[in-house]
Amino acid sequence: SYDLAPPVISGALTLEWDLPAVPLAVRAEGAMRRLAFDIAAVDPTGFLIDTRGVLELRVLLTDALELRPQVGLRATIVSVDEVDNAVVVSSTAIAPIGGVRAIWDLTEPLQVILGLEAGYVVSYDERPARTGNSPGGLALGLDLSLRWWLSNTWALTADGRATLDRIDFSGVPTRTAAGSATDPVRDASLSILDTALRLGVVVSL
C-alpha cells in the first residue's frame, strides 16, 4: 500500500441539460488534479482525471426537494511519471454506474446536493506494468456539493467527493510491491480510496 502526499484541490466543470417536455436530464462532469505519492526514494508524480456522464430522472418531491435516480458511465484516468521500478503505475478504469442524487434548494441561490452511486468496473488497464489480469470490480461513490447560482445558467460549486474501487487480480504480475524493488505482487487485491475537494463551475444548458 502507499499514500498520496497532502492533496490539492481539483478543478471541476459540470454541464447539465434538463430535456424539454420530459422529466429527464443529462449531466456530464469532469475533474482534474495533480498527484504526488508519498513513497520513500521514489516520489512519483502525475495527475488524475475523473469523469462521469449520466442520464437522470427528475422526481420533484416538494418545491424545495428533488430526487434524481441516474444511470451512466464513469471513467477514471491516473497518469504517473515513469520511475525505475514500477511501484506506482498509470491506469484507466471504466465502470457503468447507477445511483441517486437529492437536490435541496436551501435558499434562492444556494443548493445542497447529496449523491450516492455504485457500479462495476468492466475495464481496468495498467501500464507500463500490471498487477495481473482482472475480470472487474466494485466501484462506489459519495458526493456532497454546495452550489451558489449566479444566474439561471451559471453556478459556482464546492464538492466533496469520495470513491472506493475494489479490484481482484489473477495471473502473473509485472509490477513491484511498494517498499520492495524485487518482490512481485502475487494474487493481489487492489483497493483505491480517494477523497477530494473540488472547486468548479456548473453550466445549465
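This passage describes the strands, buried cores, side-chain pairs and surface of a predicted model.

The protein contains 12 strands and 0 helices. From the N terminus onward, the order of elements is therefore written β-β-β-β-β-β-β-β-β-β-β-β, each run being a strand numbered from that end. Of the 205 residues of the protein, 39% count as buried.

Strand pairing was examined for β12, which spans residues 189-204. Strands β11 and β12 run antiparallel and are joined by 15 bridges. Within this pairing, Asp165 has Ile192 of β12 as its bridge partner. Strand β12 also pairs with β2, in the parallel sense, over 7 bridges. Here the bridge partner of Ala12 is Gly200 in β12. Strand β12 thus takes part in an antiparallel pairing with β11 and in a parallel pairing with β2. In a regular strand, the side chains alternate between the two faces of the sheet.

The largest nonpolar core comprises 11 residues, namely Val54, Ala93, Ala95, Ile97, Val121, Tyr124, Ala139, Ile167, Phe169, Ala188 and Leu190. Strand β7, which covers residues 90-105, gives the most to this core, with 3 residues. A second core, separate from the largest one, has 5 residues, among them Leu48, Val78, Val80 and Val88.

Two members of the largest core, Tyr124 and Phe169, also form an aromatic pair. A pair of aromatic rings is described by the distance of the centres and the angle of the planes. The count of aromatic pairs in the model comes to 1. In the pair of Tyr124 and Phe169, the ring centres lie 5.9 Å apart and the planes meet at 65°. The arrangement is classed as edge-to-face because the angle of 65° is over the cut-off of 60 degrees. Tyr124 belongs to strand β9 (residues 123-127), whereas Phe169 lies in the loop between β11 (154-168) and β12 (189-204), so the contact ties together parts that are 45 residues apart in sequence. Both Tyr124 and Phe169 are buried.

Strand β9 also holds Asp125. With a relative accessible area of 34%, Asp125 is partly exposed, because this value falls between the cut-offs of 20% and 50%. The C-alpha atoms of Asp125 and Ser90 are 8.4 Å apart in space, although the two residues are 35 residues apart in sequence.

Charged side chains were considered next. Side chains of opposite charge can pair when their charged atoms come close. The structure holds 22 salt bridges, and three of these are described here. In one of them, Arg27 is paired with Glu29, and the closest N and O atoms are 2.7 Å apart. Arg27 counts as buried because its relative accessibility of 4% is under 20%. Glu29 has a relative accessibility of 13% and is likewise counted as buried.

In another salt bridge, the side chains of Asp194 and Arg33 meet at 2.4 Å, N to O. Asp194 is located in strand β12 and Arg33 in strand β3 (residues 24-38), so this pair ties together parts that are 161 residues apart in sequence. Asp194 and Arg33 are both buried.

A salt bridge is also formed by the side chains of Asp143 and Arg161, with an N to O distance of 2.9 Å. The residues of this pair are 18 residues apart and link distant parts of the chain, since Asp143 lies in strand β10 (residues 137-149) and Arg161 in strand β11. Asp143 counts as buried at 10% relative accessibility. Arg161, at 4% relative accessibility, also counts as buried.

On the surface, a nonpolar patch of about 630 Å² is made by Leu13, Leu15, Trp17, Val26, Leu55, Val71 and Leu205. Strand β2 (residues 10-18) supplies the largest share of this patch, with 3 residues. Trp17, one of the residues of the patch, has its place in strand β2. The relative accessible area of Trp17 is 41%, so Trp17 is described as partly exposed, a class that lies between 20% and 50%.

Definitions and conventions. Residues are numbered from 1 along each chain as its sequence is written. This is a predicted model: local features need pLDDT of at least 70, side-chain atom pairs count only at pLDDT 80 or more; totals for chains, interfaces and linings use all residues. Side-chain values use heavy atoms; hydrogens and water are left out. Rings of Phe, Tyr and Trp (its six-membered ring) pair if their centres lie within 6.5 Å; planes under 30 degrees apart count as stacked, over 60 as edge-to-face and the rest as tilted. Helices (H or I, at least four residues) and strands (E, at least two) are DSSP runs, numbered from the N terminus. Buried means under 20% relative accessible area, exposed over 50%, partly exposed in between (1.4 Å probe, protein chains only). Patches are made of residues with over 30% relative accessible area and no salt bridge: like charges are joined within 9 Å, nonpolar side chains (Val, Leu, Ile, Met, Phe, Trp, Tyr) within 5 Å. Accessible areas come from the Shrake-Rupley method with a 1.4 Å probe; for residues, only the protein chains shown count as cover. A salt bridge is a side-chain nitrogen of Lys or Arg within 4 Å of a carboxyl oxygen of Asp or Glu. Two strands pair if DSSP finds at least two bridges between them. A nonpolar core is a set of buried Ala, Val, Leu, Ile, Met, Phe, Trp, Tyr and Cys residues joined through side-chain atoms within 4.5 Å.
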